[in-house]
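User: Hey, can we go through the salt bridges in this one? I'll pull it up now.
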Amino acid sequence: MKDILDELTATQRAMGEGSLPAGDAYTIELRRTYHADVDDVWDAITNPERLRRWLKAVTGDLRLGGKFELDGGEHGEILVCDPPHLLTVTWLYGPDADKWPGTSEVRVRLSPGQAGDTELELIHAAFVGEPLFPTYGPGAGGVGWDLLLLGLTRLLVDGETADHAAIEKSPEGREFIRRSAAAWGEAHLAAGGEPAQVEAAAAATAKFYAPDSV
């Protein structure tokens, strides 16, 4: 369990503000260091064979301006592709999501660190109104990204393929989810969230991802 929970402290989290074609947005921001060179990390986030091992299977026209779809319903368009440093995509979910374009984008920036490490910054900007954000806060997306980056870590460090369903059902995974939701609550507080709302949102997020964790 220690290895899984160590991932929580390896990641810095913040909630901020941004702008999307649909209007003002909030952002969830994750930053962490990987002990791998930047080309390896870039390949892990863009190579379909490796993407399916930590994210989900991906299909589509995987080049600048092309559209992609993940095995799970997430889909979008590749807006920026500057190897091996910057990838920006629209990030929509569900069959009706295309009715509201410009409501969600994900940007991943990679920077060479010390001793061959790579600094990863992931920012997910979302135009989300009632009732989703007040109910769940930034943990709605933040916990999901924490779980996915856990899978990326295992791929880069050990070459393992993530079994997200098994992780989320395990006692260690449920504890990871609970603590991730709490960590996103702290980020929400730091961004000016009202304490009672933040506490309720963190609890709702933990219950959503792992119903038997709370």
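User: Is Asp 61 buried, partly exposed or exposed?
Analyst: Asp 61 is partly exposed, at 34% relative accessibility. Buried means under 20% relative accessible area, exposed over 50%, and partly exposed in between (1.4 Å probe, protein chains only). Keep in mind that this is a predicted model, where local features need pLDDT of at least 70, side-chain atom pairs count only at pLDDT 80 or more, and totals for chains, interfaces and linings use all residues. Side-chain values use heavy atoms, with hydrogens and water left out, and residues are numbered from 1 along each chain as its sequence is written.

User: And which side chain does Asp 61 meet in a salt bridge?
Analyst: Arg 63, at 2.8 Å from N to O. A salt bridge here is a side-chain nitrogen of Lys or Arg within 4 Å of a carboxyl oxygen of Asp or Glu. Arg 63 is exposed, at 56%.

User: How many salt bridges by that rule?
Analyst: The count comes to 13.

User: OK, switching: what does Glu 121 pair with?
Analyst: Arg 107, with the closest N and O atoms 3.6 Å apart. Glu 121 sits in strand β9 (residues 118-126) and Arg 107 in strand β8 (residues 104-112), so the pair ties together parts 14 residues apart in sequence. Strands are DSSP runs (E, at least two residues), numbered from the N terminus.

User: Buried or exposed, that Glu 121?
Analyst: Buried, at 16% relative accessibility, while Arg 107 is partly exposed at 30%.

User: Which residues share a network with them?
Analyst: Shared partners join Glu 29, Arg 31, Arg 107, Arg 109 and Glu 121 into one network. Within it, Glu 29 bridges to Arg 31 at 3.3 Å; Glu 29 is buried at 15%.

Definitions and conventions. Helices (H or I, at least four residues) and strands (E, at least two) are DSSP runs, numbered from the N terminus.
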